[in-house]
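Student: Could we go through this structure together, beginning with a single residue and moving on to the interior?

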Amino acid sequence: TMREAWELNNLTREQIDALARDAGMNSHDLRDAVMAGDDAFKRYLAMMDQYGISTDHRINMADPLMRDVVRVCQNCQNKNHCDDELASGTAAEHAGQFCLNAPVFSHIANRVN
């Protein structure tokens, strides 16, 4: 967390804003996600990728929804299972078995794909 916070602090405001837009959130929520640590933000992005939700589509999503998705990821009790599924490339296929955000990811993927 400290390393990631340090890296974020070394970015320009424009770079942070661009990174946040790519993730479908605002810069304040990005900072909160990074400071929360535990790789929830990385899991969230990886899961979006596995559902086929592109950066362009993330930009158009509502910030409150994405903020809630990241919060659920941060408080998830299935992080190890999620990491295993993400690593094997089967997270989207099996998310309904372990991910509380699976319905949200499915809904977004169905809307944009």
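**A buried serine, the core and a cavity**

Tutor: In this predicted model, S27 has a relative accessibility of 13% and therefore counts as buried.

Student: In which helix does S27 lie, and which side chain is joined to that of S27 by a polar contact?

Tutor: S27 belongs to helix α3. Leaving aside residues up to four places away in sequence, S27 touches R13, I16, D17 and A20. Among these contacts is one whose side chain makes a polar contact of 3.4 Å with the side chain of S27, namely D17.

Student: Which helix supplies the largest share of the largest nonpolar core?

Tutor: That core has 30 residues, and L30, F41, Y44, M47, Y51 and F105 are the ones that touch the most other members. At least two core residues come from each of α2 (13-23), α3 (27-36), α4, α6, α7 and α9 (102-112). The largest share, six residues, is supplied by α4.

Student: Which residues does F105 touch, not counting those up to four places away in sequence?

Tutor: F105 is among the core members that touch the most others. With residues up to four places away in sequence set aside, the contacts of F105 are Y44, M47, M48, Y51, I53, V69 and C99.

Student: How much space lies in the largest cavity?

Tutor: Its lining has 13 residues, with R43, C73, C76, C82 and C99 lying nearest the centre, and α4 (40-50), α6 (63-74) and α7 (79-88) each supply at least two residues of that lining. By class, nine of the lining residues are nonpolar, two are polar and two are charged. The space in this cavity is about 100 Å³.

How values were computed
Residues numbered from 1 in each chain as written. Predicted model: local features only at pLDDT ≥ 70, side-chain atom pairs only at ≥ 80, totals over all residues. Heavy atoms only, no water. 1 Å grid on protein atoms, 1.4 Å probe; cavity = no way out; pocket = protein on both sides within 12 Å on 5 of 7 lines; lining within 4 Å. Points joined across faces, edges and corners; volume = space filled by probe spheres on them. Helix = DSSP H or I, 4+ residues; strand = E, 2+ residues; numbered from the N terminus. Nonpolar A, V, L, I, M, F, W, Y, C, P; charged D, E, K, R; others polar. Core = buried A, V, L, I, M, F, W, Y, C linked by side-chain atoms within 4.5 Å. Buried < 20%, exposed > 50% of the residue type's maximum accessible area, 1.4 Å probe, protein only. Contact = heavy atoms within 4.5 Å. Polar contact = N/O pair within 3.5 Å; in protein donor to acceptor, adjacent residues only side chain to side chain.
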